[in-house]
Amino acid sequence: MECAGTESLTLRMPSAEDGPAISRLIASSPPLDTNSAYCNLLQCTDFRETCVVAERDGEALGWISAYRPPATPDRLFVWQVAVHSAARGEGLALKMLEALIARPAAADATMLTTTITEDNQASWGLFEAFARRNGATLTRAPRFEQDAHFAGAHATEWEARIFPLPTFRTETETHS
Ligand SMILES: CC(C)(COP(=O)(O)OP(=O)(O)OC[C@H]1O[C@@H](n2cnc3c(N)ncnc32)[C@H](O)[C@@H]1OP(=O)(O)O)[C@@H](O)C(=O)NCCC(=O)NCCS
């Protein structure tokens, strides 16, 4: 794929038709865990208001899945972030995160959480940059542990908490 700037990118909510492209993007973005097609379809439909697709010329270049956890509705949990390898390093992930927190569905969230394995430097770099840009603090603690929760099969997922989210957020996308 040719690498270009972010000017012609559209950021929007997903729909069911995006499912296969999102599954492909995730599969081509290690170290992300792949999900079932069905899981991605639920994200694209039931959770569409807190998921973001970035596309250019009809091609999905970026993806964020997120939701408001029912037990902690003051939070916005970011599940996965993926940017196509040809579009990295242009600020697209940051742009999607900022569009996400400006959505009506995230407007009253005061904390963003996510989980990251210790060795995922790109992910730590992204969320540290996001916290810095928004005047927030990032703290971390183990959430799902390698032995206790993954039976040794997966590295510990550290929860990153970014607080406080800015109270005034300008919407930067068109909703469909
Ligand atoms: C992580 C990922 C989404 C970043 O996408 P991106 O569009 O290239 O990120 P941005 O250009 O918006 O960069 C945002 C910040 O993250 C930092 N960053 C991005 N990639 C990085 C890397 N490989 N190592 C360290 N920091 C990195 C940037 O330096 C930037 O911070 P800065 O503004 O202080 O310079 C992308 O590399 C990716 O899809 N990786 C594979 C999947 C993955 O690991 N996702 C993690 C989240 S679940």
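This short presentation covers the aromatic contacts, the charges over rings and the salt bridges in the structure shown above.

Good morning, colleagues. Please keep in mind throughout that this is a predicted model.

I begin with the annotated region. The UniProt record, an unreviewed entry, carries the annotation "domain: N-acetyltransferase" for residues 9-157. In the model, that span is 28% helix and 28% strand, and its end C-alpha atoms lie 31 Å apart.

I turn now to the aromatic rings. Across the whole structure, the search returns 3 aromatic pairs. One of them joins Tyr67 and Phe77: the ring centres are 5.3 Å apart and the planes meet at 55°, so this pair is classed as tilted. The tilted class applies because 55° falls neither under 30 degrees, which would be stacked, nor over 60, which would be edge-to-face. Tyr67 belongs to strand E3, residues 59-67, while Phe77 belongs to strand E4, residues 75-83; the contact therefore ties together parts that are 10 residues apart in sequence. How accessible are these two residues? Tyr67 is partly exposed, with a relative accessible area of 23%. Phe77, at 9% relative accessibility, counts as buried, because the limit for buried is under 20%.

Tyr67 also pairs with Trp79. Here the geometry is edge-to-face, with 6.3 Å from centre to centre and 85° between the planes. Since Tyr67 is in strand E3 and Trp79 in strand E4, this pair ties together parts that are 12 residues apart in sequence. Trp79 itself is partly exposed, its relative accessible area being 37%. Taken as a group, Phe47, Tyr67, Phe77 and Trp79 are linked by ring pairs into a cluster.

Next, the charges placed over rings. Phe77, which we have just met in the cluster, has Arg143 over its face, at 5.8 Å from the ring centre. A further case is Arg140, which lies over the face of Trp124 at 3.7 Å from the ring centre.

Arg140 leads us to the salt bridges. In general, side chains of opposite charge can pair when their charged atoms come close. How many salt bridges does the structure hold? The count is 8. Arg140 takes part in one of them, with Glu128, and the closest N and O atoms of that pair are 2.9 Å apart. This bridge links distant parts of the chain, as Glu128 sits in helix H4, residues 121-133, and Arg140 in strand E6, residues 137-144, with their positions 12 residues apart in sequence. Both partners are partly exposed: Glu128 at 32% relative accessibility, and Arg140 at 44%. Arg140 thus appears both over the ring of Trp124 and in the bridge to Glu128.

My last topic is Arg12. Which residues are linked with Arg12 in a network of salt bridges? They are Asp18 and Glu55. For Asp18 and Arg12, the closest N and O atoms are 2.8 Å apart, and both residues are buried. For Glu55 and Arg12, the corresponding separation is 3.2 Å, and Glu55 is likewise buried, as is Arg12. Glu55 is found in strand E2, residues 52-56, and Arg12 in strand E1, residues 10-12, so this bridge ties together parts that are 43 residues apart in sequence.

To close, I would leave you with two groups to inspect in the structure: the ring cluster of Phe47, Tyr67, Phe77 and Trp79, and the salt-bridge network of Arg12, Asp18 and Glu55. Thank you for your attention.

How values were computed
Residues numbered from 1 in each chain as written. Predicted model: local features only at pLDDT ≥ 70, side-chain atom pairs only at ≥ 80, totals over all residues. Heavy atoms only, no water. Phe/Tyr/Trp six-rings, centres within 6.5 Å; stacked < 30°, edge-to-face > 60°. Helix = DSSP H or I, 4+ residues; strand = E, 2+ residues; numbered from the N terminus. Buried < 20%, exposed > 50% of the residue type's maximum accessible area, 1.4 Å probe, protein only. Lys NZ or Arg CZ within 6 Å of the ring centre and 35° of its normal. Salt bridge = Lys/Arg side-chain N within 4 Å of Asp/Glu carboxyl O. UniProt positions renumbered as here; feature names shortened; annotations may be inferred.
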